[in-house]
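Here is a short report on some backbone features worth finding by eye. Please have the sequence and the structure open as you read.

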Amino acid sequence: MTVRLWDAVAGKPIGELLEGHTDMVWSVSFSPGGSRIVTGSEDKTIRLWDVATGQPVGQPLRGHTAGVNSVFVSRDETRIISSSWDGSVRVWYAVIGKSLQKHAEEDCSAFPPHGSYIPDPTAAIPTSNTANDAFISYSSNLTHSLRDTAELLTGTSYDDHTFVLREDGWIMGPNRRLLFWVPPASQKALRYNPRTTFAIPRGVELDLSRMAHGTHWQDCYKDSSLR
């Protein structure tokens, strides 16, 4: 469940154990620049570590439904690719503490409809600096993102934007808020979350671009008597 960094010449351990996984670690990889380590574990999560401090960077990446058996960092260090015993390959945003909204705004105009776009896992992610500009996407097509996220994410940093599929089918977001419910038949095939940029096989993708949420949920309903 731990990772240790070693001096390849002296054969001696460097620093403290990297602790945080709750099951066996199957895969370890350095980022190309050498400043980060990424790990994949039987606990179904991926973790990013700071080599200098030995501390985890951000929250674990969650989404695989079985152990993660291989991880790799893209050359520009903006993507992490993982494979799992669940039979899927996923590409994740590796940017920490930054919003991905600018990336969405710049790229969405180039996306064809119906999710036929296949992103470049090695492409850089332009970023802005405010968490309130973040977008929430459960699709490979960023035009399907939930854009009006200020209310949902108020009081949180991007590092806190963990979206978990609970056993009862509810997606739980920041501040333990329930975002939406996923029917049982679709839960296993839902391979996307806000940190996932692409998945193989694609599975279920959601279009949240017109979703009413938070205190605006009542906008979905119009009393017929008022028409």
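In this predicted model, E77 sits in the loop that links β7 (68-73) to β8 (79-84). Its backbone deserves a look: the phi of E77 is near 65 degrees, a positive value in a residue that is not glycine. Most residues other than glycine have a negative phi, and most peptide bonds are trans. E77 counts as partly exposed, because its relative accessibility of 28% falls between the 20% and 50% cut-offs.

A second case turns up at K44. This residue belongs to the loop between β4 (36-41) and β5 (45-50), and its phi is also positive, about 80 degrees, although K44 is not a glycine. With a relative accessible area of 39%, K44 is partly exposed.

Here are the two residues together:

| Residue | Phi | Loop | Relative accessible area |
|---|---|---|---|
| K44 | about 80 degrees | between β4 (36-41) and β5 (45-50) | 39% |
| E77 | near 65 degrees | between β7 (68-73) and β8 (79-84) | 28% |

Now for the repeats. An unreviewed UniProt entry carries the annotation "repeat: WD" for residues 18-59 and 61-92. What is the strand content over residues 61-92? Strand makes up 56% of the chain there and helix 0%, while the end C-alpha atoms of this stretch are 8 Å apart.

One more backbone feature is worth a visit. Which kind of peptide bond joins I200 and P201? The bond is cis, with an omega of about -5 degrees. To find the spot, go to the segment after β13 (196-200), where P201 is placed.

Methods
Residues are numbered from 1 along each chain as its sequence is written. This is a predicted model: local features need pLDDT of at least 70, side-chain atom pairs count only at pLDDT 80 or more; totals for chains, interfaces and linings use all residues. Side-chain values use heavy atoms; hydrogens and water are left out. Helices (H or I, at least four residues) and strands (E, at least two) are DSSP runs, numbered from the N terminus. Buried means under 20% relative accessible area, exposed over 50%, partly exposed in between (1.4 Å probe, protein chains only). UniProt positions are given in the numbering used here, feature names are shortened, and annotations may be inferred rather than shown by experiment.
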